[in-house]
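Thanks, everyone. I'll take one structure today and walk through its fold, its cores and its main pocket. Please have a look at it first.

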Amino acid sequence: MSTTPIADRGDGGAQPGPGKVWFVGAGPGAADLLTLRAARVIGAADVVVWAASLVHADVLAHARPDAEIVDSSRLPIEGVLPLYRRAAADGLTVARIHSGDPALWGAVQEQLDLCRALGLAVEIVPGVSSFTAVAAIVGRELTIPEVAQSVILTRLEGGKTPMPPGERVREFARHGATMALFLSAARSGQAQAELLAGGYPADTPVVVAYQATWPDELVVRCALGELEATVKEHRLWKHTLFLVGPALAAAGTRSHLYHPGHFHTFRRAEPAARADLRRARAGGTTPGDGRAR
């Protein structure tokens, strides 16, 4: 996270004063999934802004007893702007808490622009995203060797925010990679249809996660062909994430990174294992077991 003064960044903002706004990633929900930096920033803030509809109240335990706590769940940005103006005028430190990681669907950029225009220093504290939290809950790696080496983070088109041209779930599905589908549970039938149309087989594994890491979390598995029925059975329509892709059930492959035939700066390769690895690469098989890749 850069601490370069705003005036030195060439972004046209006003000269920074003593006030500062921290945009803090609260993670998926559980308060102990905050980073140490996030807890420290919240604990030092004069004003803590959080959305009760998205962030678990336990994170407020890190705030100072005398901190001003503002629930932004019913406020548009125009409702939060007076707080930023006061921070600029009075030299206050504000912790603006966002669910998950502020880099993803957090409406952060527009706030950064406003704060810089007011002469406020700004800094972002990253948070654990719900898609990595869900992967941890189900005990899966999302990038399995020879199965999936990419993770696509997206949302279904047709919601409140228009999707840019070319960003369609159907087109992303054609890659067959692991996909994390946010903000789409209310239209599960459309999501299922787009994923199938893009080429995922009907038996592709899916993880449906509601309120991951919250006390009332619900995490269920199903096949893609059963996604709509599963979502409707549990009456899910918000705070729900889908993980989709063959990596969620794959087994038996091996990364070259920890293969004894692989070498790097800190480790030498074993000669026999190195020869085996070379033969596997040349023959298109998995090292040590002769299976085709």
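A word on terms: helices and strands here are DSSP runs, at least four residues for a helix and at least two for a strand, numbered from the N terminus. On that count, the chain has eight helices and 10 strands. Keep in mind that this is a predicted model.

Now the overall picture. The chain has 293 residues, and 43% of them count as buried. Take the contacts with a separation of 6 or more. Residues 24 or more positions apart account for 64% of those.

Next, the cores. Which residues touch the most other members of the largest nonpolar core? They are Met179, Leu195, Val208, Leu227 and Phe242, out of 21 residues in that core. Several elements each give it two or more residues. The helices are H5 (169-173), H6 (188-197) and H7 (227-233). The strands are E7 (178-182), E8, E9 (218-223) and E10. There is also a second, separate core of 19 residues, and Val24, Val55, Ala63 and Val125 are among them.

Let me pick out two members of the largest core. Start with Met179. Setting aside neighbours within four places in sequence, Met179 contacts Ile152, Thr154, Val169, Phe172, Ala173, Leu195, Tyr200, Phe242, Leu243 and Val244.

Then Leu227, in helix H7. Is Leu227 buried or exposed? Its relative accessible area is 0%, and buried means under 20%, so Leu227 is buried. With the same four-place exclusion, Leu227 contacts Ser188, Gln192, Leu195, Val206, Val208, Cys222 and Phe242. Gly189 sits 38 residues away from Leu227 along the chain, yet their C-alpha atoms are separated by 7.6 Å.

Now the pocket. The largest one has a volume of about 1800 Å³. Its lining has 50 residues. Nearest the centre lie Leu54, Ser99, Trp105, Leu183 and His239.

What is the lining made of? It divides into 25 nonpolar, 17 polar and eight charged residues. Both domain 1 (20-128) and domain 2 (131-248) put in at least three residues each.

By element, at least two lining residues come from each of helices H2 (77-90), H3 (109-117) and H4 (130-138). Strands E4 (93-98), E8 (205-210) and E10 (240-244) each do likewise. Which element gives the largest share? That is E4, with three residues.

One link to finish on. E8 and E10 each give two or more residues to the largest core, and each supplies at least two residues of the pocket lining.

Conventions: Residues numbered from 1 in each chain as written. Predicted model: local features only at pLDDT ≥ 70, side-chain atom pairs only at ≥ 80, totals over all residues. Heavy atoms only, no water. 1 Å grid on protein atoms, 1.4 Å probe; cavity = no way out; pocket = protein on both sides within 12 Å on 5 of 7 lines; lining within 4 Å. Points joined across faces, edges and corners; volume = space filled by probe spheres on them. Nonpolar A, V, L, I, M, F, W, Y, C, P; charged D, E, K, R; others polar. Domains from an automatic or database assignment. Core = buried A, V, L, I, M, F, W, Y, C linked by side-chain atoms within 4.5 Å. Buried < 20%, exposed > 50% of the residue type's maximum accessible area, 1.4 Å probe, protein only. Contact = heavy atoms within 4.5 Å.
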